[in-house]
Amino acid sequence: MANMWLCFLLLICIHNTGKIVADSTYLIGLGSYDITGPAADANMMGYANTEQIASGVHFRLKARTFIVAEPGGNRVVLVNLDACMASQLVTIKVLERLKSRYGDLYNEKNVAISGIHTHAGPGGYLQYVVYIVTSLGFIKQSFDVLIDGIEKSIVEAHENLRPGDIFVNKGELLEASINRSPSAYLNNPPAERSQFKYNVDKEMTLLKFVDGEWGPVGSFNWFATHGTSMSRTNSLISGDNKGAAARFMEDWAEQNGYPKQTDSAYPDTITSGIGQKVLHRRISIIIPQPDDKSSELMQLASSFLASGGRLLSSTGRISQRVRDTQAGKPKFVSAFCQSNCGDVSPNVLGTFCIDTGLPCDFNHSTCNGKNELCYGRGPGYPDEFESTRIIGERQFSKAVELFDSASELVKGKIDYRQTYLDFSNLEVTLLSSNGSQGIVKTCPAAMGFAFAAGTTDGPGAFDFKQGDVKGNAFWKVVRNALKTPSRDQVTCQQPKPILLDTGNMQVPYAWAPSILPIQIIRIGQVVILCVPGEFTTMAGRRLRDAVRAILTRDGNGEFGSNVHIVIAGLSNTYSQYVTTFEEYEIQRYEGASTLYGPHTLSGYIQEFEKLASALLEGKNIETELQPPDLLSKQIGFLPPVVMDTTPMGVKFGDVLTDVSENSTFHPGDLVTATFWSACPRNDVLSEGTFSLVEMLDSGSNWIAAYDDDDFCLRFKWSRPAKLSSRSHATIEWRIPETVVAGVYRLRHFGASKSLLGKISHFTGTSRAFVVL
């Protein structure tokens with residue numbers, strides 16, 4: 001009888017499994033992994049500010065991946081990085097690892113890697129000179145962390161491939177973006193501008209991933225706004241507004257039970273690698289709010305003094321994360337991807353002069369002729385962390401709205417096309433107003449004078465200004481000491497006055513890319529255009545419209561009027577900006593940073609039309625071009641960590657400045673403690689945390705409540721002197737409104753390096769305190 005019931009249950013399981021496969025449209029898999037990297041000494045990528053050196057963590061960075069496959073057919077991979085941009089060298093090395101692991105299953109044609117464009121992540125991972133000058137050249141640790149994190153996120157997504165469906169939705173988000181170069185935008189034809197309500201794209205497009213058994217497992221969306229809520233003076237590693245939005249949505253999903261808790265993958269409390277309890281994110285459900293027992297809590301807290309520093313016997317003992325990072329368990333993955341953000345700023349209050357408080361000059365973004373006095377203001381001004389939170393929450397809120405209401409099923413082919421182009425000498429056919437054709441060419445890369453002026457998100461210095469179409473004699477002399485542009489190059493780049501002729505600078509190796517990848521990924525009626533740069537608003541609109549016209553021409557049945565075309569900016573490599581021809585004429589920052597001359601956009605449109613036609617007709621695109629692998633030529637001048645020390649009688653992890661004795665705090669208060677520490681470059685703790693807030697449970701166990709992946713917790717690292725071997729770590733916890741009353745303490749983890757190179761892990765805690 002028991003055997004009969006067992007057979008009956010097996011038949012039901014087989015039937016249900018078959019139903020899931022039959023009813024599901026695709027195989028879908030999602031994964032994520034830490035890519036935070038060196039939290040000390042590394043220059044940050046984005047603002048090109050030599051003084052912006054990492055010294056701690058605002059919240060951690062992730063690589064997030066989704067894989068979509070037709071059962072037995074094509075598959076595509078999209079990786080979204082909490083990094084400034086993708087890197088050609090990183091892409092090359094990731095593909096090499098994938099080939100060694102999976103053969104030809106994943107390759108340059110069906111794998112796309114894009115960046116969110118945070119300006120608060122470690123630099124030094126790109127292979128061209130101009131992008132690593134401010135980081136003292138190549139930083140192998142930054143590079144290696146990215147390679148490892150991307151590979152592990154893809155492996156996790158691959159191993160999680162299961163039957164499921166995808167839904168697409170889109171809607172307007174009005175208060176997270178403004179145009180930072182409106183004078184250039186206004187140079188576009190009035191008839192074209194009249195077709196659009198706004199001078200930036202306000203539309204967010206979202207994909208919702210639903211596992212056939214677990215239910216919703218993730219979402220990816222595309223929305224254009226720069227990762228510049230954090231300023232050029234910030235030194236804490238941060239995913240900026242898009243990284244914050246992703247963290248908010250992943251925590252929201254867990255709080256709402258996504259994925260479905262069909263087993264013990266997410267119990268109320270889980271156990272860390274050292275057998276210590278770790279608090280579930282829905283903390284208020286697990287530990288009830290205490291009654292009025294403040295005196296009892298104070299007495300309890302007073303019995304827990306600072307622990308003093310102690311060594312950890314193994315690296316596994318530092319894996320005390322709040323969130324479960326184990327592969328093979330369902331977890332929600334949400335990515336907020338970048339789009340055509342070239343002229344789009346999150347600093348939505350506008351631009352003002354820091355000396356007078358008056359609006360900046362409209363055409364040049366200067367204050368009394370000085371660009372360095374003109375700054376954009378975010379919605380939390382003057383608090384950049386608050387601006388980051390607000391812009392992140394606005395994107396998160398729109399994404400939740402689209403996620404909850406998504407009903408359009410994505411269905412149809414999985415397909416892709418990719419090719420490499422030499423943008424230093426690309427022939428482009430232009431049509432004149434009378435229908436005649438003419439041939440023009442793109443140019444070797446060059447950066448204009450207005451590039452050095454920076455933007456209102458991060459102004460430059462000296463006497464540069466946006467909108468400069470002449471240059472000046474002094475800086476031309478300086479330029480000529482590096483490389484004097486040829487007459488042909490000057491003519492080709494007009495009206496851009498050339499400040500750096502990067503495309504013709506080859507010492508010690510190439511300063512700028514010339515061979516660039518372009519790629520189309522199709523998932524049913526969703527088409528993703530992967531571009532290796534930052535398209536401005538109108539440039540992106542023209543590209544999308546051109547591809548749409550190809551895909552829907554002659555009433556093509558494969559794509560109806562509801563085809564969803566998105567731009568995945570900063571993908572696979574980086575080549576700065578792409579403006580329209582008319583915006584290029586104005587030579588704002590974006591035009592001066594459009595490397596390949598005034599016809600760059602036309603070149604992209606022409607070649608993407610070819611890709612779209614090949615996709616539609618089922619034809620392959622072949623090219624013999626390949627980007628260079630310059631890893632062997634990389635030079636880095638960032639000195640290694642020599643050793644870490646503490647004063648006589650002091651241990652690593654000892655408290656330098658403790659929480660005040662018998663302290664009581666409330667939501668909104670700031671709790672801080674400073675520890676004797678060591679350089680975070682000794683171990684980036686990709687599977688651990690530098691800072692932790694622990695709560696005392698009813699059983700006298702300390703359980704993890706918040707770590708350095710939480711927006712409310714900041715890890716700050718410093719040396720008492722520039723070349724000192726001693727260092728301090730300060731943990732700051734801004735108590736959130738959702739906190740549970742109880743007894744808490746702060747804990748620091750780190751790794752020290754001896755003179756002989758031995759790495760030793762350590763920890764230490766503050767004294768306990770009460771939160772009411």
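Which elements each supply at least two residues of the lining of the largest pocket? They are strand S2, helix H10 (473-482) and strand S24 (498-500). This report starts from that pocket and then moves through the rest of the chain. The model is a predicted one.

## The largest pocket

The largest pocket holds about 1,200 Å³ of space. Its lining counts 46 residues. Closest to the pocket centre are Tyr47, Ala48, Thr134, Phe451 and Ala452. Among the contributing elements, H10 gives the most, with four residues. Rolling a probe the size of a water molecule over the atoms shows where empty space is left.

## A seven-stranded sheet

Strand S2 also belongs to an open sheet of seven strands. The order is S7-S2-S3-S35-S36-S32-S30, and the pairing is antiparallel. Which strands stand at the edges? They are S7 (121-122) and S30 (655-657). Each has a single partner strand, so one side of each is left without a neighbour in the sheet.

Inside the sheet, S2 (residues 40-45) pairs with S3 (residues 53-57). Two bridges join them in the antiparallel sense. Ala40 has Ser55 of S3 as its bridge partner.

Further along the order come S35 and S36. The loop between S35 (713-718) and S36 (727-734) holds Ser724. Is Ser724 buried or exposed? Ser724 has a relative accessible area of 19%. The cut-off for buried is under 20%, so Ser724 counts as buried. Its side chain also has a close partner in the backbone. A polar atom of the Ser724 side chain lies 3.0 Å from the backbone nitrogen of Arg726.

## Aromatic pairs

How many aromatic pairs does a search of the whole structure find? The search finds 30. A pair of aromatic rings is described by the distance of the centres and the angle of the planes. One of the pairs joins Phe66 and Phe209. Their centres are 4.9 Å apart, and the planes make an angle of 45 degrees, a tilted arrangement. This pair links distant parts of the chain. Phe66 sits in strand S4 (residues 62-69) and Phe209 in strand S10 (residues 203-211), 143 residues apart. Phe66 is buried at 1% relative accessible area. Phe209 is buried too, at 0%.

Phe423 and Tyr596 form another tilted pair, 5.6 Å centre to centre with 45 degrees between the planes. They also come from distant parts of the chain, 173 residues apart. Phe423 lies in the loop between strand S20 (414-422) and strand S21 (427-431). Tyr596 lies in the loop between helix H14 (589-592) and helix H15 (600-617). Both residues are buried.

Rings can also link into a group. Ring pairs join Phe449, Phe462, Phe464, Phe474 and Trp475 into a cluster.

## Charges over rings

Two arginines are placed over aromatic rings. Arg377 lies over the face of Tyr381, at 4.2 Å from the ring centre. Arg714 has its charged end over the ring of Phe385, 3.6 Å from the centre.

## Backbone details

Tyr381 appears again in the backbone. The peptide bond from Tyr381 to Pro382 is cis, with omega near 10 degrees. Pro382 is placed in the loop between strand S18 (374-377) and helix H9 (384-405). Another cis peptide bond runs from Val507 to Pro508, with omega near 0 degrees. Pro508 belongs to the loop between S24 and strand S25 (515-523). S24 is one of the elements that help line the largest pocket.

Which residues other than glycine have a positive phi? The table gives two.

| Residue | Phi | Loop | Relative accessible area |
|---|---|---|---|
| His117 | about 75 degrees | between strand S6 (111-115) and S7 | 2%, buried |
| Gln576 | near 65 degrees | between strand S28 (564-568) and strand S29 (577-578) | 4%, buried |

The loop of His117 leads to S7, and S7 stands at an edge of the seven-stranded sheet.

Note on methods
Residues numbered from 1 in each chain as written. Predicted model: local features only at pLDDT ≥ 70, side-chain atom pairs only at ≥ 80, totals over all residues. Heavy atoms only, no water. Pairing = 2+ DSSP bridges. Buried < 20%, exposed > 50% of the residue type's maximum accessible area, 1.4 Å probe, protein only. Polar contact = N/O pair within 3.5 Å; in protein donor to acceptor, adjacent residues only side chain to side chain. Phe/Tyr/Trp six-rings, centres within 6.5 Å; stacked < 30°, edge-to-face > 60°. Lys NZ or Arg CZ within 6 Å of the ring centre and 35° of its normal. 1 Å grid on protein atoms, 1.4 Å probe; cavity = no way out; pocket = protein on both sides within 12 Å on 5 of 7 lines; lining within 4 Å. Points joined across faces, edges and corners; volume = space filled by probe spheres on them.
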